[in-house]
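Subject: Structure for you to look over

Dear colleague,

I am handing over the structure that we spoke about, and I would be glad if you could read the notes below with the model open beside you.

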Amino acid sequence: MRLQALGYVGVGARDLGDWRSYGTRHLGLQIVDKARNCVAFRMDDRAQRIIVEADPGHDPDRGVKLCGWEVADAAALDGIAGRIEQAGIRVERGARALAEERRVEDLIVLADPLGSRVEIFHGAEVATEPFRPGRNISGFRTGPLGVGHVVMTAERIDAAVSFYCDVLGFGLSDYYDRPFRARFLHVNGRHHSLAFIETGRTAVHHLMLELFSFDDVGQGLDLALAEEGRLAVTLGRHTGDCITSFYTHTPSGFMVEYGWGGKAIDPATWVAAERTIGPSLWGHERSWLPPEKRAETLALRLANAEAGERRPVQVMEGNYELVPGVCPWWDGLSGAR
Ligand code: FE
């Protein structure tokens, strides 16, 4: 009855037109459904992964309105529903019409301690047509790892973290308390599918999408730089999942992190630890942080540079070529780097 992956996300927006161009031209998603008050996007073989709904009263702090978490089958869905009810949390069965809208066989609906809508489902529809990206990218890394990850900010994160870990069965990947408190949670081999950071206000912080090719990310960065005010966080590399990424502002108020080279973990043997070197090895200048916190993150990064904090690139079959070692001096350093 374990949750397997982040299967889909639902987003709210005042204007769907902005999302059509941002989703396709920046992110490379494919529009599959253009109803009057909704745009659905594909990012792989699934019928849909990201659903954007028009909402005149849209709250920019609640840009991601819902997360859809996947379980294996009907028995797993019943099992998790029972466990949530036992914890004293109200669970609603999703109506037939809602399941059809989400393009899944069945789902349940509940609210987490921060008031965010959580859907848990099984039986996602697979598309018959191949994925056709909105711009020329190699594709997204999804499959058993799901859509990517969602990060929430909150005044107090502890109740949400214990709900997801103790009731829904998420595992703690790692955590840190400087320059802000953060907790990273996993449900599969992706280092984190969900994270909470304590910043004093409850909001959706970002949604991460991972690309197959590093150049997809670099070309996305060029597109973002070409638009005034689009870039939210500069290119950088995270200390936890080792992803190299940048962030853009979405039309809904939250950010999308666009990354490459995320670390794979083995949830069966993974042991959570404190990350003492801050969130980024280098880069990631965060326009959303107040000046004193920006200074603190820069100091952490400069300390990382001073200490020679480095991580190997995390590659997948097909997106790298091994080059031969040809320089005795360089080869002699192997293992010492
Ligand atoms: Fe992230």
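What follows is an account of the metal site, the strand pairing and the internal spaces.

Please keep in mind throughout that this is a predicted model.

Let me begin with the metal. The iron ion is coordinated by His149 and His206, each through NE2, and by Glu257 through OE, at 2.0 to 2.2 Å. Along the sequence these donor residues follow the spacing H-x56-H-x50-E. Because His149 belongs to strand β9 (residues 148-154) and His206 to strand β13 (residues 203-211), the pair ties together parts that are 57 residues apart in sequence. With a relative accessible area of under 20% as the limit for a buried residue, His149 counts as buried at 1%, and His206 is buried as well, at 5%.

The next point is the pairing around strand β14. This strand, residues 231-238, runs antiparallel to strand β15 (residues 244-249) and is joined to it by four bridges, and within this pairing Arg237 has Thr244 of β15 as its bridge partner. The hairpin that β14 and β15 form has five residues between the strands, and Cys242 takes a positive phi near 60° there. Strand β14 is also joined to strand β18 (residues 280-283), again in antiparallel fashion, here by three bridges, and His238 stands opposite Ser280 of β18.

The internal spaces bring several of these elements back. The count comes to five cavities of 30 Å³ or more, and the largest cavity has a volume of about 210 Å³. Its lining is made up of 20 residues, of which Tyr176, Phe184, His206, His238 and Tyr247 are the closest to the centre; His206 is thus both an iron donor and one of the residues closest to the centre of this cavity, while His238 is the residue that stands opposite Ser280. Strands β9, β12 (194-198), β13 and β14 each supply at least two residues of the lining of the largest cavity, and by class that lining divides into ten nonpolar, six polar and four charged residues.

The second largest cavity holds about 90 Å³ of space. Of the 14 residues that line it, Cys67, Ser116, Arg117, Met152 and Tyr164 lie nearest its centre. The elements that give two or more residues to this lining are β5 (64-70), β8 (117-122), β9 and β12, and β5 gives the most, with four residues. Here the lining consists of ten nonpolar residues, one polar residue and three charged residues. Strands β9 and β12 therefore deserve a look in the viewer with both cavities in mind, given that they are named for the lining of the largest cavity and for that of the second largest cavity.

Lastly, there is the open space. The largest pocket has a volume of about 350 Å³, and it is lined by 18 residues, of which Thr153, Thr199, Arg201, His205 and Trp288 are the closest to its centre. Strand β13 provides the largest share of this lining, three residues, and the lining as a whole has ten nonpolar, five polar and three charged residues.

With best wishes

Key:
Residues numbered from 1 in each chain as written. Predicted model: local features only at pLDDT ≥ 70, side-chain atom pairs only at ≥ 80, totals over all residues. Heavy atoms only, no water. Donors = N, O, S within 2.8 Å, 3.2 Å for Na, K, Ca; no water. Buried < 20%, exposed > 50% of the residue type's maximum accessible area, 1.4 Å probe, protein only. 1 Å grid on protein atoms, 1.4 Å probe; cavity = no way out; pocket = protein on both sides within 12 Å on 5 of 7 lines; lining within 4 Å. Points joined across faces, edges and corners; volume = space filled by probe spheres on them. Nonpolar A, V, L, I, M, F, W, Y, C, P; charged D, E, K, R; others polar. Pairing = 2+ DSSP bridges.
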